[in-house]
Amino acid sequence: MIPRLRPAIGLQEIGAALTAPHTVDDFERAFAMLMDQAHAVAFPYGRTGLLILLRALGLKNREIILPSYTCVVVAHAIVLSGNKPVFIDSEANGFNMDLDLAEAAITPRTGAILATSIHGYPVDLDRLAQLSHRHPDVAIIQDCAHSFSAEWKGRPVQKAGVAAVFGLNISKLMTSIFGGMITTDNDQLANALRLERNRTVSQMNSRGLMRSVYLIASTLALNPSIFGLVKRIADAGWLNRFVKYYDETLIDMPGDHLHGMSKSEASVGVMQVSRYPTIIDKRRKIATYYHDALSDIFPTQRPPILDGATYSHYVLQVENPQKLVRLALSRGVELGRLIDYCIPDMPVYRDYLPASPAFSRTRQLNASVVNLPIWVDRKGADRVVSVLSDIARL
Ligand SMILES: *Cc1c(COP(=O)(O)O)cnc(C)c1O
């Protein structure tokens, strides 16, 4: 069974996790260099980084604009920072937030906009620059958890704003087991971030061993030769403690969201920094391969191929995604449903809904998206395509 995701973890990373040769400082320096930014500051999770970034920017009781089609933990961090999320519908022909609607939503209370390059498709930096020019007091924060070094017309998205947020769990483009990063070119902001982090996040090297065990177990579990069995166990609910990403009924953070990054995690991160160019290169090749190979069966359902995109996910939009997922699963390919919820429609977020109905484009995405395994090599991609072709012929 081909799993829908698998981190690019080799023996080097496993060794690094177990021997922990690098410090968090080493990882920060390597990551800053990879992203061409003056500073990188490490956190236990991306969401912890965002929480502390909003604090370091002095934002409190303000409105923070973000996409309705994004990971729900982003909205949680905004609420828990003492600010109010303002959700914006998706653009007409893409996965990102509609920047015209975002600009129209700016009020005197707006503190920041979270520009997010969903699925690795770069946010339109030209449109964002116009917006920023007219609203210089609104901080632009890049959410790069899906994009890392994605580029808009050759310009890296992470540098187009006051700071950028990265998530580093094993489902991301690169990983430090768990963890997150904030990058910035602003010296003063970097100092404020470090001060606030050192004040609130405890140093917990003790978690390194458990995290290494988690890395080894998940790398093994996501091996296609045993993943079928693992999935049956997971579907029976026995692994909920490890695979449940968030609780739908609460706006909260994980219990360890203030337990600092361990040296094991930092050491895996250092290895992944050097592997990153290969990871992206491979994803771009597989995305292009899918694009060509699926031109007959999914001509209009395929996502765009775009220079500068990093393809954290390769996402089709189909009429009956549940059925496709089910049929593919019975043929040995796990597909994903990212993102199948509209945050402001979730019961815990209904309080924040504006009076008028909106978010129709996000709901359309929620109802149609299916993501293919993009971590695979060419042979794996062939399998996926042949399974999808079989289904199309039914
Ligand atoms: C994963 C993710 C984050 C943050 O991730 P953490 O799990 O908090 O490390 C932020 N934004 C998006 C879009 C994400 O997918």
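**A walk from the aromatic core to the surface**

Phe31 has a relative accessible area of 0%, so this residue counts as buried. That is a good place to start in what is a predicted model. Phe31 also belongs to an aromatic cluster, together with Phe27, Phe148, Phe166 and Tyr276.

Let's stay with the rings for a while. A pair of aromatic rings is described by the distance of the centres and the angle of the planes. How many aromatic pairs does the structure hold? The count is 12 aromatic pairs. One of them is Phe31 with Phe166, an edge-to-face arrangement with 4.9 Å centre to centre and 80 degrees between the planes. The angle is over 60 degrees, which is why the label is edge-to-face. This pair links distant parts of the chain: Phe31 sits in helix H2 (residues 24–34), Phe166 sits in strand S8 (residues 163–167), and their positions lie 135 residues apart in the numbering. Phe166 is at 0% relative accessibility, so it counts as buried too.

Another pair to look at is Tyr121 and Tyr311, again edge-to-face, with 5.8 Å centre to centre and 85 degrees between the planes. Here the partners come from loops: Tyr121 from the one between strand S4 (110–116) and helix H6 (125–134), and Tyr311 from the one between helix H11 (263–293) and S10. They are 190 residues apart, so to speak from distant parts of the chain. Is Tyr121 buried or exposed? At 6% relative accessibility, Tyr121 falls under the 20% cut-off and therefore counts as buried. Tyr311 is buried as well, at 3%.

From Tyr311, follow the chain into strand S10 (residues 314–317), which runs antiparallel to S11 and is joined to it by four bridges. Within this pairing, Leu316 has Val370 of S11 as its bridge partner. S11 itself (residues 369–372) is covered on both faces: Val369 and Asn371 are buried on one side, and Val370 and Leu372 are buried on the other.

Just ahead of S11 you'll find Ser368, in the loop that comes after helix H13 (360–366). With a relative accessible area of 4%, Ser368 is buried. Which residues does Ser368 contact, leaving aside neighbours within four places in sequence? The list is Leu316, Gln317, Val318, Pro321 and Arg337. Glu334, for its part, is 34 residues from Ser368 in sequence and 16 Å from it in space, C-alpha to C-alpha.

Now for a charged residue under cover. Glu63 lies in strand S2 (residues 63–67), and its relative accessible area of 9% makes it buried. Setting aside neighbours within four places in sequence, Glu63 is in contact with Lys84, Val86, Ala105, Thr107, Arg109, Thr110, Gly111 and Ala112.

Finally, step out to the surface. Leu18, Leu209 and Val213 make up a nonpolar patch there, with about 300 Å² of accessible area together. Leu209 is part of helix H8 (residues 207–221), and at 59% relative accessibility it counts as exposed. From Val213 in that patch, Ser171 is 42 residues away in sequence and 17 Å away in space, C-alpha to C-alpha. Ser171 belongs to the loop between S8 and strand S9 (180–184). At 33% relative accessibility, Ser171 counts as partly exposed.

Key:
Residues numbered from 1 in each chain as written. Predicted model: local features only at pLDDT ≥ 70, side-chain atom pairs only at ≥ 80, totals over all residues. Heavy atoms only, no water. Buried < 20%, exposed > 50% of the residue type's maximum accessible area, 1.4 Å probe, protein only. Helix = DSSP H or I, 4+ residues; strand = E, 2+ residues; numbered from the N terminus. Pairing = 2+ DSSP bridges. Contact = heavy atoms within 4.5 Å. Patch = residues over 30% accessible without salt bridge, like charges linked within 9 Å, V, L, I, M, F, W, Y side chains within 5 Å. Areas by Shrake-Rupley, 256 points an atom, 1.4 Å probe, with all protein chains shown as cover. Salt bridge = Lys/Arg side-chain N within 4 Å of Asp/Glu carboxyl O. Phe/Tyr/Trp six-rings, centres within 6.5 Å; stacked < 30°, edge-to-face > 60°.
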